[in-house]
Amino acid sequence: MSFIVSALPVEAFRTLFGRSEAELRARGVERRVADAAVGFPCRITLEDAPVGESLLLLNYEHQSASTPYRSSYAIFVRESASRTASIRGALPEMVLRRSWISVRAFSGEGHLQAAEVSPGAEAQRSVERLLARKGVDYLHLHNAAHGCYLARVDRG
């Protein structure tokens, strides 16, 4: 099955890039520096930030539907991000290298239809299986351990 993995739009975060610590703090945002090769997944580039790179840690509403499933949580975005990633037909490496991925299937109205948890390396099977279900319009990928949103998946 053909699918597209979509990142968050860089335009939504540009106004935060390069701000002072005080300006970020006033907005509830923290600057962090990646200190490991895995563990700092950027929701704009769909890549783990390399060691030493600056990221912003902020709360983001990834499920804005006016349903009980409306949701926001902490995410990382790389301050060096310049383009919004979109990947067709494969999951990004940052998803595949995670120990466990939660794949959540939603209707067009934003109601949860189904969910699966699988090892990151096997998450594509869950994606294909859930997208094949009647009533499922899109998926959200989450890091199962930390609960944070990683990306959206649509049929492609």
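Two strands pair if DSSP finds at least two bridges between them. In this predicted model, strands E2 and E3 meet that condition, with 4 bridges in the antiparallel sense. Within this pairing, Glu30 has Leu57 of E3 as its bridge partner. Strands of a sheet pair through backbone hydrogen bonds, either parallel or antiparallel.

The pair E2 and E3 belongs to an open sheet of 3 strands. The order is E2-E3-E4, and the pairing is antiparallel. E2 and E4 stand at the edges. Each has a single partner strand, so one side of each is left without a neighbour in the sheet. From one strand to the next, the twist averages 45 degrees.

Strand E1 (residues 3–6) takes part in further pairings. With strand E9 (residues 149–155), E1 runs antiparallel and shares 4 bridges. Val5 has Val153 as its bridge partner in E9. E1 also runs antiparallel to strand E5 (residues 86–88), joined by 3 bridges. Here Ser6 has Ser86 of E5 as its bridge partner.

The loop between strand E2 (30–33) and strand E3 (54–63) holds Leu46. The phi angle of Leu46 is near 60 degrees. That is a positive value in a residue other than glycine. The relative accessibility of Leu46 is 2%. Buried means under 20%, so Leu46 counts as buried. Leu46 also appears in the lining of the second largest pocket, described below.

Salt bridges were searched for across the whole structure, and 12 were found. One of these joins Asp48 to Arg97, with the closest N and O atoms 3.2 Å apart. The pair links distant parts of the chain, 49 residues apart. Asp48 lies in the loop between E2 and E3. Arg97 lies in the loop between helix H2 (93–96) and strand E6 (100–106). The two partners differ in burial class: Asp48 is buried, with a relative accessible area of 11%, whereas Arg97 is partly exposed at 38%.

A second salt bridge, between Glu53 and Arg78, brings the closest N and O atoms to 2.9 Å. Glu53 lies in the loop between E2 and E3, and Arg78 in strand E4, so the pair ties together parts that are 25 residues apart in sequence. Glu53 is buried, with a relative accessible area of 13%. Arg78 is buried too, at 11%.

Glu122 and Arg125 also meet through their side chains in a salt bridge, at 3.9 Å from N to O. Glu122 is partly exposed, with a relative accessible area of 38%. Arg125, at 53% relative accessibility, counts as exposed. Elsewhere, salt bridges that share partners join Glu21, Arg31 and Glu79 into one network.

Helix H3 (residues 123–131) contains Leu131. The relative accessibility of Leu131 is 1%, and the residue counts as buried. Leu131 and Phe106 are 25 residues apart along the chain. Their C-alpha atoms are separated by 9.5 Å.

Pockets were examined next. The largest pocket holds about 290 Å³ of space. Its lining comprises 16 residues. Gly39, Phe76, Asn143, His146 and Cys148 lie nearest the centre of the largest pocket. Strand E4 (residues 71–78) supplies the largest share of this lining, with 4 residues. By class, the lining has 10 nonpolar, 4 polar and 2 charged residues.

The second largest pocket holds about 180 Å³ of space. The lining residues include Thr45, Leu46 and Glu47. Also among them are Ser80, Ala81, Ser82, Arg83, Thr84 and Ala85. Ile87 and Pro92 belong to this lining as well. The residues divide into 5 nonpolar, 4 polar and 2 charged.

Notes:
Residues numbered from 1 in each chain as written. Predicted model: local features only at pLDDT ≥ 70, side-chain atom pairs only at ≥ 80, totals over all residues. Heavy atoms only, no water. Helix = DSSP H or I, 4+ residues; strand = E, 2+ residues; numbered from the N terminus. Buried < 20%, exposed > 50% of the residue type's maximum accessible area, 1.4 Å probe, protein only. 1 Å grid on protein atoms, 1.4 Å probe; cavity = no way out; pocket = protein on both sides within 12 Å on 5 of 7 lines; lining within 4 Å. Points joined across faces, edges and corners; volume = space filled by probe spheres on them. Nonpolar A, V, L, I, M, F, W, Y, C, P; charged D, E, K, R; others polar. Axes fitted to C-alpha atoms, helices over the stretch in contact; angles between N-to-C directions. Salt bridge = Lys/Arg side-chain N within 4 Å of Asp/Glu carboxyl O.
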